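Please look over the sequence and the structure shown here before reading on. The report is meant to be read beside them, one section at a time.

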Amino acid sequence: MKVVIKEDAAGVARYGADLFRDQLQRKPDSVLGLATGSTPFSLYRLLIESNQRGEISFARATSFNLDEYMDLPPEHPQSYWHFMQKHLFAHIDIDPARTHVPPGNAVDPISACNDYERAIQAAGGIDIQLLGIGRNGHIGFNEPTSCLTSRTRVKTLTRETIDDNARFFAAGEPQPHLSITMGIGTIMEARLVVLLATGESKASAIKAMVEGPVSAWCPASALQMHPATVVIVDRAAAGALSDPDFFLHIEAENQALLARLKARSHA
Ligand SMILES: N[C@@H]1[C@@H](O)[C@H](O)[C@@H](COP(=O)(O)O)O[C@@H]1O
């Protein structure tokens, strides 16, 4: 996996947004895997601005969201459907009929999960999958001990995740304890994975993902087996890595190579 260390969260969002912008400019009918949470927020703002400047269009794109709480009505302010409408879909030219969020209120969630998987396949698979990471190394709602080849399914949230997400709910308001999430096997089939993490609270999860063994105890570590994963972190989230300078050196060399190839192609 490629690890890119940026000075701050703004740099992380810019690097990630550039990857999505390149993807959409290269393939306007891209299938986008999208995520929620506080980390993607700034990246979405940059993509909205780029769309509004006419640099990119979502008009032919299709999107599939990573996860959703179960038993929250879509209009609930904390549903991921609502998050996506508020923080991205309402501000870009994507066709609402081509956006998909896991069906947290399905009457038959099991068959709805299978339908979700089939819809992703029918769209041609995901071209670029955005991820955040939980403090315990979860991706989507694939909590520790998740099967590393799992598919879209109902998952129970750990106490840690429920506690971490409590900040978004009113005091005493009942919180969802179940979710529907793309599986790790589903995520691993994306052609490109872009994982963003910022802040010291993610440092141990990033270390376990990048340097630790591939283990269901850190679901994100499965990405060590993915052929095209870019991990973009700020200095704080990189703070537990054994040798951050190693990744800074590799990225500098990578950028120099890209510049040389670009100059040659324009010669
Ligand atoms: N299901 C979501 C994940 O998809 C997200 O990556 C994680 C971290 O969110 P944040 O970016 O707010 O730290 O929170 C939730 O658990």
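What follows moves from the whole protein to one helix and then to a handful of single residues.

## The protein as a whole

The model described here is a predicted one, and within it the protein contains 8 helices and 10 strands. Its radius of gyration is 18 Å, close to the 18 Å that the globule rule gives for 267 residues, so the protein is as compact as a globular protein of that length. Taken along the principal axes, the box filled by the C-alpha atoms is roughly 60 × 40 × 35 Å.

How do contacts in the protein relate to distance along the sequence? If we consider contacts between residues at least 6 apart in sequence, 79% of them join residues that are at least 24 apart.

## Surface and charge

Of the 267 residues, 49% count as buried. The protein exposes about 12,100 Å², and carbon and sulfur atoms supply 56% of that area. The protein has 25 positive and 30 negative charges, and the mean positions of these two sets are 5 Å apart.

## Helix α1

Helix α1 runs over residues 9-26 and has 18 residues. From its first C-alpha to its last it reaches 26 Å, which is close to the 26 Å expected at 1.5 Å a residue.

Which residues of α1 are buried? They are Gly11, Val12, Ala13, Tyr15, Gly16, Ala17, Phe20, Arg21, Gln23 and Leu24. When reading such a list, it helps to remember that an α-helix has 3.6 residues a turn, so residues three or four places apart point the same way.

## Strand β4 and the loop that follows

Asp67 is found in strand β4, and it is buried because its relative accessible area of 5% falls under the 20% cut-off. Leaving aside its neighbours within four places in sequence, Asp67 is in contact with Thr36, Tyr80, Val101, Pro102, Gly140, Phe141, Ile180 and Thr181. One of these partners, Thr36, is 31 residues away along the chain, yet the C-alpha atoms of Asp67 and Thr36 are separated by 8.2 Å.

The loop between β4 (67-69) and α3 (80-87) holds Asp71, and Ser79 is found in the loop between β4 and α3 as well. Is Asp71 buried or exposed? Asp71 is exposed, because its relative accessible area of 56% is over the 50% cut-off, whereas Ser79 is buried, with a relative accessible area of 1%. The phi angle of Asp71 is near 70°, a positive value in a residue other than glycine.

If neighbours within four places in sequence are set aside, Ser79 is in contact with Glu68, Leu72, Pro73 and Pro74. The C-alpha atoms of Ser79 and Asp243, by contrast, are separated by 38 Å, and these two residues are 164 residues apart along the chain.

## Two residues in other loops

Thr145 lies in the loop between β6 (128-131) and β7 (153-156). Its phi is near 80°, again a positive value in a residue other than glycine, and Thr145 is exposed, with a relative accessible area of 52%.

Phe168 is found in the loop between α5 (159-165) and β8 (178-181). At 34% relative accessibility, Phe168 counts as partly exposed, because that value lies between the 20% and 50% cut-offs. Phe168 and Ala252 are 84 residues apart along the chain, and their C-alpha atoms are separated by 38 Å.

## Helix α8

Where does His249 lie? His249 lies in helix α8, which covers residues 244-266, and at 46% relative accessibility His249 counts as partly exposed. Measuring along the sequence, His249 and Leu261 are 12 residues apart, while in space they are 19 Å apart, C-alpha to C-alpha.

How values were computed: Residues numbered from 1 in each chain as written. Predicted model: local features only at pLDDT ≥ 70, side-chain atom pairs only at ≥ 80, totals over all residues. Heavy atoms only, no water. Helix = DSSP H or I, 4+ residues; strand = E, 2+ residues; numbered from the N terminus. Expected span 1.5 Å × (residues − 1). Buried < 20%, exposed > 50% of the residue type's maximum accessible area, 1.4 Å probe, protein only. Rg over C-alpha atoms; globule rule 2.2 N^0.38 Å. Contact = heavy atoms within 4.5 Å. Areas by Shrake-Rupley, 256 points an atom, 1.4 Å probe, with all protein chains shown as cover. Lys, Arg positive; Asp, Glu negative; His and termini not counted. Charge placed at Lys NZ, Arg CZ, Asp CG, Glu CD.
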